[in-house]
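User: I am new to this structure and would like to learn how to read its features. Please take me through a few of them.

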Amino acid sequence: MKFFLGVFFCLVVLSCHSLTAQYHFDSWTTDNGLPQNGVRSISQTPDGYLWFTTLDGLVRFDGVQFTIFNKSKSKGIINNRFWAMRSFSDGSIWAATEGGDLTIYRDGKFTSYPAEQVPEQLILGFEKDENGEVLINADSSFYYLRNGEFVFAKKSENDGTQKKINFGQSGTRWEVYPTETRQIKNGQTKIYQLQIKYLNYYYQSVYEDKKGGLWITDKGKLYYLQNGEITEYNEKDGIPQNIQGHNFWEESDGSLWFATGEYSAAGVGLIRFKDGKFSRFGVEQGLSNDRIFSVFKDREGTVWLATDKGLNRLRSQIMTTLSAKDGLVNNEAYPILKSRDGSIYIGTVGGLSRYQDGKFTNTILRDNGGGGVLAIQSLWEDEEGRLWIGVVGGLFVLKAGKVEDWSKKFEKRDTVYSIYSLKDGTVLIGTEHFGVWQYKDGKITVAFTTAEGLPSNDIKFIHEDRNGDLWFGTYGGLSILKDGKFTNYTTNEGLPSNYLRSMKEDTDGTLWIGSYDGGLSRFRDGKFFNFNTENGLFSNGVFAIMEDKNSNFWMSSNQGIYRVAKQQLNDFADGKINHYESFGYGKNDGMLNTECNGGRQPSALMDSSGKIWFPTLEGIAIVNPDALQTNQVPPPVQIEKVEIDRENIWTENASNDSNFAVKINPSDIHLDITYTALSLIKSDQIHFRYKLEGLDEDWLDGGTKRTVNYTHLPSGSYTFKVIASNSDGVWNTEGKSFKIVVYAPFYKTWWFWTLMVLLFLSGAYLIYRYRINQLQKLNLAQENFARQLIESQESERKRIAQELHDSLGQNLLVIKNRALLGLAVEDKDEQFSEIQDSVSDALVEVRSIAYNLRPLHIERLGLTSTLEEMIEDVEKSSNISINYDIAPINGLFSPENEINFYRIVQESLNNIVKHSKADKASVEVFRDGNKITLTVKDNGKGFETDKVNEKKGLGLNGIAERAKILGGNYSIDSELEKGTTVLVEIEAK
């Protein structure tokens with residue numbers, strides 16, 4: 001067959017391709033493990049897990065694995081069709097269903113409230129109010145869940161008007177109405193006259209930015225309120241017509257983003273506002289659906305999107321691509337070269353592409369005057385400006401726009417993998433089968449083969465070092481030509497592999513050699529040091545080696561592109577550190593295909609802006625090292641499962657229990673531990689280390705594996721520890737740990753019977769001491785209670801004696817004096833009238849004292865009405881406004897206990913009147929079956945609860961004693977200038 005009898009040459013100019021920073025969308029659907037594609041809301045718990053709602057259950061995500069919670073798997077869930085959800089700092093999750101059910105997840109348990117118990121069933125979201133309490137945002141009202149009861153928020157929140165309320169990050173409260181917007185801060189209200197036609201039912205449709213300005217969406221419009229001015233953006237500014245935004249957020253570059261789409265209307269994806277311009281990102285950029293229901297930004301800054309077509313993740317990326325859709329002649333690219341004029345040449349299996357000023361110009365080479373397209377394998381530009389093009393089966397040269405076939409200059413035609421020009425102008429040509437040829441004096445002749453000393457005739461790269469010595473990388477080892485003599489290096493001399501693909505000479509003369517399958521090797525002072533996946537390298541493929549301005553090596557492989565610090569490699573090789581980090585980049589970072597191409601020369605380049613270009617099976621991957629941002633957030637570590645012989649013994653609360661220990665019996669064989677770490681950026685590249693203290697002397701490298709298995713552990717006590725690093729090498733050195741106790745068979749211990757005797761004696765003594773301690777504690781408790789009871793009785797006697805002396809005694813003395821006076825005066829009628837009035841006053845005092853001893857109304861009207869009457873009397877006799885809500889509690893207590901409950905309320909109100917200096921108070925008595933909860937609050941001056949025992953005359957001891965008599969629990973919460981709350985919980989019997 002005749003080769004290269006003709007050349008077909010054509011030029012194609014294509015549109016400009018921007019190499020500015022791009023954004024990448026990842027998506028997860030039922031194909032990846034979701035129970036259903038309808039994702040509605042997203043949140044993140046303090047432990048780092050991402051939670052989101054679907055129409056078939058709640059889902060927890062650690063970046064790698066989904067855990068599904070639904071009514072068939074999780075006790076407490078009553079409806080799977082979840083939509084609104086939010087987590088809070090206490091670890092609780094509040095979620096609402098389409099049907100109006102409310103579900104709360106707390107401490108590993110789900111509690112649900114059916115729709116018929118919920119005040120308003122269309123729950124739009126949840127947020128913390130000014131006091132830190134969870135406020136439930138419904139379609140037309142706001143309410144709380146307190147002690148298992150739903151309580152509507154203050155009237156101003158539920159006045160029946162259509163509005164949106166936003167608690168801004170500056171502390172401003174914004175109220176958005178159809179005709180005006182109110183800005184409320186520091187007690188001052190500012191009103192913006194603004195007509196909003198559509199108040200979106202999304203409660204996130206208004207947003208206060210970092211500058212303190214407010215963004216409000218209307219259909220096809222966007223308003224910005226700041227410093228008394230209103231700015232309107234509409235279709236002419238780039239706001240899509242009939243589209244309404246929601247779920248705003250800001251990025252560190254100053255851009256503002258928001259989502260579009262509603263439950264009943266389509267959207268256009270995401271809108272970004274930056275530098276006064278709006279940009280759209282939708283399905284064309286990789287988003288799975290243009291209609292977005294909610295947006296969440298996690299603690300690492302990653303943005304998550306909920307759509308009808310699954311979960312999406314938006315990330316900025318350090319990598320851009322050029323492919324056939326941008327004008328590249330063919331996606332399968334191999335050699336890549338930067339020419340002197342700044343243009344970039346890319347060789348592909350379908351021809352040659354030249355990239356300059358954002359445009360492609362393509363050249364197609366064909367054999368035999370129009371036959372098959374020739375695949376380009378190597379590129380080189382010589383001192384004369386000629387472009388040398390190595391192809392499968394030959395060589396072409398391009399100069400001044402003309403292509404010449406130089407294949408006929410070869411004695412034996414072959415594929416050209418590498419081309420390199422020497423300082424003296426000689427051009428060396430590396431072939432697949434016939435070694436190195438040279439172009440000199442207008443002729444191509446054989447230069448070196450295995451006959452002259454090369455380890456192989458398959459030449460992958462040629463390099464002339466600073467000393468003028470020639471290096472040849474082959475698929476048989478490495479060779480240096482020095483002083484006319486070849487010296488070869490193979491695996492026998494320390495190379496990691498004989499299949500070599502790349503070489504880089506350092507500024508200090510160190511050589512770095514990349515192999516196809518053995519990793520990276522450093523050649524310094526005549527010695528090799530090898531780096532591979534076993535000691536930390538991301539991949540054993542090193543197809544190209546490029547160095548950025550920060551001395552990071554960037555290398556390509558079949559698994560993607562990866563980065564490692566050169567200094568770390570040197571320190572590791574020199575024994576200064578015991579590990580180094582390498583970081584991989586693939587499809588999640590923007591690559592169209594992770595498989596890179598190499599074994600051709602050159603196989604990478606750095607352009608004038610510092611970006612590094614790598615050829616792949618689907619175009620060119622371009623890395624921008626300057627855009628690299630390190631994730632400095634260490635990943636929280638969680639133990640997810642501990643199994644003994646395949647039975648899980650781990651619980652949700654075990655990781656927070658320092659006393660928890662896994663106990664392994666002598667008959668148990670297998671111990672399996674599953675753990676995870678919560679970084680949602682490149683979760684598959686999280687790195688783990690673990691050790692079993694008591695067995696392992698040092699940390700063991702777990703790689704990215706999330707399980708460890710032990711069998712037949714020796715008896716003893718151990719502590720299992722696991723730590724993790726995120727994809728940027730930031731370690732959580734605290735990690736997670738738990739204790740393990742492995743019991744030995746009793747029949748194998750020589751000290752068994754001695755231990756039995758000691759255990760018996762010790763047990764008897766401990767029981768004896770325990771019994772003595774219990775009796776002592778019981779006696780001490782009885783003495784304390786008796787003393788307090790006596791003190792209480794004495795106090796009551798003193799109070800009654802004081803009242804008898806100060807009121808009734810005084811009235812009787814007046815009666816006596818007037819009777820004596822009546823005997824001495826003539827006008828006895830007037831004196832007897834005075835005596836009658838004094839007797840009436842005395843009777844009133846007697847009744848008052850008797851009422852205070854035991855109100856007669858309790859027997860006549862019941863405890864509930866008596867409490868209400870007493871509260872009203874206190875309010876009338878004081879300047880305190882008292883609100884009360886008393887549940888029906890008649891008949892729940894015995895007559896003796898009714899007076900005790902009455903006295904608790906009475907004493908609490910007396911304390912408020914006497915000591916609090918409050919102007920408002922409230923009394924609430926809630927009943928749940930036989931459980932009674934009493935809450936007495938005031939807005940008075942409060943006090944320091946840690947000094948409560950130092951306070952005298954507050955009656956707190958009496959309240960505590962009576963609560964104890966009733967068999968209940970008593971607590972008091974107070975803070976200076978913030979009021980006092982008394983809480984009593986009683987189980988009526």
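User: Which residues of β39 lie on one side and which on the other, and are they buried or exposed?

Analyst: This is a predicted model. For a strand, look at each face in turn. In β39, V427, I429 and T431 lie on one side, with L428 and G430 on the other, and all of them are buried. The strand covers residues 427-431, and 5 of its 5 residues are buried.

User: Which strand pairs with β39 over 5 bridges?

Analyst: To read a pairing, find the partner strand, the direction and the residues that face each other. β38 (residues 416-421) pairs with β39 in the antiparallel sense over 5 bridges. Within this pair, S418 is opposite G430 of β39. The two strands form a hairpin with 5 residues between them, and G425 in the turn has a positive phi of about 95 degrees.

User: How many bridges join β39 to β40?

Analyst: There are 4 bridges between β39 and β40 (residues 436-440), and these strands run antiparallel. Y439 in β40 is the bridge partner of V427. This hairpin has 4 residues between its strands, and G435 takes a positive phi near 75 degrees.

User: What is the strand order in the open sheet of 4 strands?

Analyst: Read a sheet from edge to edge. Here the order is β50-β51-β52-β53, with antiparallel pairing. β50 and β53 (582-585) are at the edges with a single partner strand each, so one side of each has no neighbour in the sheet. From one strand to the next, the twist averages 25 degrees. β52 and β53 are paired over 4 bridges, and V564 stands opposite S582 in β53.

User: Why is helix α1 described as largely enclosed by the rest of the structure?

Analyst: For a helix, count the buried residues, then see what they pack against. In α1 (residues 566-573), 6 of the 8 residues are buried, so the helix is largely enclosed by the rest of the structure. The buried residues are K566, L569, N570, D571, F572 and A573. They pack against several strands, among them β47 (511-515), β48 (520-524) and β49 (527-531). The helix also lies across β50, β51 and β52, at about 65 degrees to β52. After α1 comes G575, with a positive phi near 80 degrees.

User: Which residues make the nonpolar surface patch of about 350 Å²?

Analyst: For a patch, name its members and then place them. W753, M756 and L759 make this one. L759 is in helix α2 (residues 752-824). With a relative accessible area of 47%, L759 is partly exposed, because the class exposed begins over 50%.

How values were computed
Residues numbered from 1 in each chain as written. Predicted model: local features only at pLDDT ≥ 70, side-chain atom pairs only at ≥ 80, totals over all residues. Heavy atoms only, no water. Buried < 20%, exposed > 50% of the residue type's maximum accessible area, 1.4 Å probe, protein only. Pairing = 2+ DSSP bridges. Patch = residues over 30% accessible without salt bridge, like charges linked within 9 Å, V, L, I, M, F, W, Y side chains within 5 Å. Areas by Shrake-Rupley, 256 points an atom, 1.4 Å probe, with all protein chains shown as cover. Salt bridge = Lys/Arg side-chain N within 4 Å of Asp/Glu carboxyl O. Contact = heavy atoms within 4.5 Å. Axes fitted to C-alpha atoms, helices over the stretch in contact; angles between N-to-C directions.
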